[in-house]
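Work through the exercises below with the sequence and the structure open. Try each task before reading its solution.

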Amino acid sequence: MPRSSCAGGMAKYVTIQVTRREPPPGAQPPGEHCKKCNAPLAEGELERSLRVCPHCGYHYPLPAHERVAQLADKGTVSFVAEEVQPVDPLAFVDLRAYPDRLAEAKFETGLSEAFLAALCEISGMPAALGVLDFRFLGGSMGSVVGERFHRLAKAAVEQRRPLVVVAGSGGARMQEGLFSLMQMAKTVVAAQMLVEARLPYVTILTHPTTGGVFASFATIADIIIAEPGAVMSFAGPRIIEQTTREKLPPGFGSSESQLAHGQVDMVVDRRDLKDRLVRCLSFLRGRADG
Amino acid sequence: MAEPMTPEAAWEAVQLARHQDRPQSLDYVAHALPDFLELSGDRLHGDDKAVVGGFATLGTHHIVLIGHQKGHTLKERQERSFGMSRPEGYRKAMRLARLGEKFGLPVVTLVDTPGAYPGKDAEEGGQAGAIARSIETFAGLMVPTVTVIIGEGGSGGALALALADRVLMLENSIYSVISPEGCAALVWRDAAEASRAAAALRVGARGLFELGLVDKVIPEPPGGAHTDHRAMAERVMAEVRLAVEELLRLDARDRLRLRHERYLKMGSYTVVDSR
Ligand SMILES: [Zn+2]
């Protein structure tokens with residue numbers, strides 16, 4: 001049983017299959033060979049290429065802090081909203097108590113919740129940057145994710161910064177019941193603050209982006225970027241096949257398929273991501289000389 | 001904190017909420033909104049029969065009514081995909097809501113869906129984005145908005161029509177982030193544990209009211225709403241009318257601000273001193 005089984009935080013539309021696609025990042029270093037193409041990797045080669053296989057282009061999962069380090073300028077990062085911490089509003093116990101699942105996720109990831117919020121500069125441009133970490137209970141959206149998103153959006157508006165959010169999520173945090181569903185509404189309303197302030201909002205969708213996250217703040221951005229090979233869906237493939245008896249084609253829900261169906265603006269290799277993001281932000285900033 | 005229901009009581013609510021004879025949107029129309037004028041289509045792709053909508057008169061007010069319709073007979077349920085909307089259904093809802101906005105008509109939604117339609121075409125047609133846009137659209141309406149969860153409030157497919165100034169729930173309706181069966185399969189790895197999941201998720205109206213997630217619980221006739229459609233419809237529309245009239249007394253900008261504040265406050269967390 002892969003450790004991802006602890007991602008019990010995922011809602012209806014998420015399949016265990018999605019979480020089993022690969023081992024949790026960081027838990028098993030790929031060693032000397034790419035686990036996708038089996039090409040030999042020199043020591044440190046994967047890290048230098050931003051955890052993208054230089055041979056086959058496979059994008060390895062990225063812990064939130066590494067993502068921030070890849071996108072933000074060195075020495076410009078300050079983390080915000082860390083003071084917002086989870087509780088157990090329903091005293092939810094299934095096979096294990098929710099607080100135990102939280103404690104384990106904290107211990108294993110070194111994160112205090114699934115959403116890491118930062119103020120930083122991106123190629124010299126001040127920005128607000130949020131990152132969901134799939135390792136923390138499947139990147140599921142509970143009350144803390146929603147409130148940290150809200151505080152980050154608020155800080156962005158107050159300081160006139162664009163908001164950039166990297167999504168990677170199995171969906172809603174089931175153990176918080178309807179509170180977690182309401183985070184879809186909350187994050188959408190929070191993102192409206194940027195609309196009203198005419199500030200840029202860009203999302204980057206990584207593998208996997210599903211359920212309530214995909215159907216809320218991830219898909220209302222001004223510009224939506226997807227990483228290659230990421231899978232996005234609202235309902236999970238297994239639910240679709242069970243409910244409709246439809247056979248899903250290979251590549252269903254992939255970034256490339258989403259691009260073809262008009263659901264994302266561009267699919268961008270992680271090694272080009274920062275440059276592309278900066279180009280997007282500079283266009284959204286308005287005046288060419290601004 | 002509110003005590004959870006027993007699994008048996010929670011499961012009874014689930015069964016009543018899904019009862020085939022439970023009044024649906026068009027039953028409320030038939031019994032309490034005699035001049036309902038149905039409108040169709042999303043103007044982009046099609047007409048989703050899982051969502052119905054149009055104009056109606058509530059007391060002295062014209063309103064836009066939008067609701068899920070599961071269907072009662074098997075044939076109707078198939079035609080309406082058991083109340084599971086595709087993107088065109090959410091786009092139809094948005095279109096009608098904007099029509100209400102344009103002409104100053106309060107928007108009333110009746111929610112009754114197992115969830116969004118899980119299909120290949122729906123996904124490729126932008127299901128997630130349609131739900132997100134619907135939430136965004138309802139969040140931004142300047143007109144009063146009232147939602148009644150009349151049966152099943154299934155996850156994002158329900159929320160897409162359920163962001164409102166006032167959210168009311170029928171006594172035996174349910175509202176949940178995930179179906180009890182789905183939850184049971186995920187965490188207990190046994191769908192037969194659905195009654196325990198229903199209790200743990202607190203899907204019932206009373207529990208959600210006590211948690212502050214819905215504004216009011218509307219009592220049902222003894223035995224459940226299906227035993228008396230007319231009484232249920234009259235009671236629900238009386239409550240909706242009260243809510244609309246109360247909301248109309250507010251300044252439009254205040255109403256919008258209060259709605260945004262309400263949703264920005266949603267959640268249960270703690271704030272620790274980080275200094
Ligand atoms: Zn490779």
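Two exercises follow, one on a helix and one on the contact between chains.

The model is predicted: local features need pLDDT of at least 70, side-chain atom pairs count only at pLDDT 80 or more, and totals for chains, interfaces and linings use all residues. Residues are numbered from 1 along each chain as its sequence is written, and chains are lettered from A and ligands numbered from 1 in the order in which they are written.

**Exercise 1.** Find the buried residues of α4(A) and explain why they lie on the same side.

*Solution.*
- Step 1. Helix α4 of chain A covers residues 98–109; helices here are DSSP runs (H or I, at least four residues) and strands are E runs of at least two, numbered from the N terminus.
- Step 2. Y98(A), R101(A), L102(A), A105(A) and T109(A) are buried (20 or more other C-beta atoms within 10 Å of a residue's own; exposed means 12 or fewer, partly exposed in between, with C-beta atoms placed from the backbone).
- Step 3. These residues share one side of α4(A) because they cover an arc of only 100 degrees around the axis, taken from the directions from the helix axis to the C-beta atoms.
- Step 4. An α-helix has 3.6 residues a turn, so residues three or four places apart point the same way.
- Step 5. The face turned away from the buried side carries the exposed A103(A) and F107(A).

**Exercise 2.** Describe how chain A meets chain B.

*Solution.*
- Step 1. In chain A, 57 residues are in contact with 48 residues of chain B (C-beta atoms, placed from the backbone, within 7 Å).
- Step 2. The largest share of chain A's side, 14 residues, comes from α6(A).
- Step 3. β2(A) runs antiparallel to β9(B), residues 269–271, and 3 bridges join them.
- Step 4. Among the residues in these strands, P86(A) has Y269(B) as its bridge partner.

How values were computed
Two residues are in contact if their C-beta atoms, placed from the backbone, lie within 7 Å. Two strands pair if DSSP finds at least two bridges between them. The expected span of a helix is 1.5 Å times one less than its number of residues.
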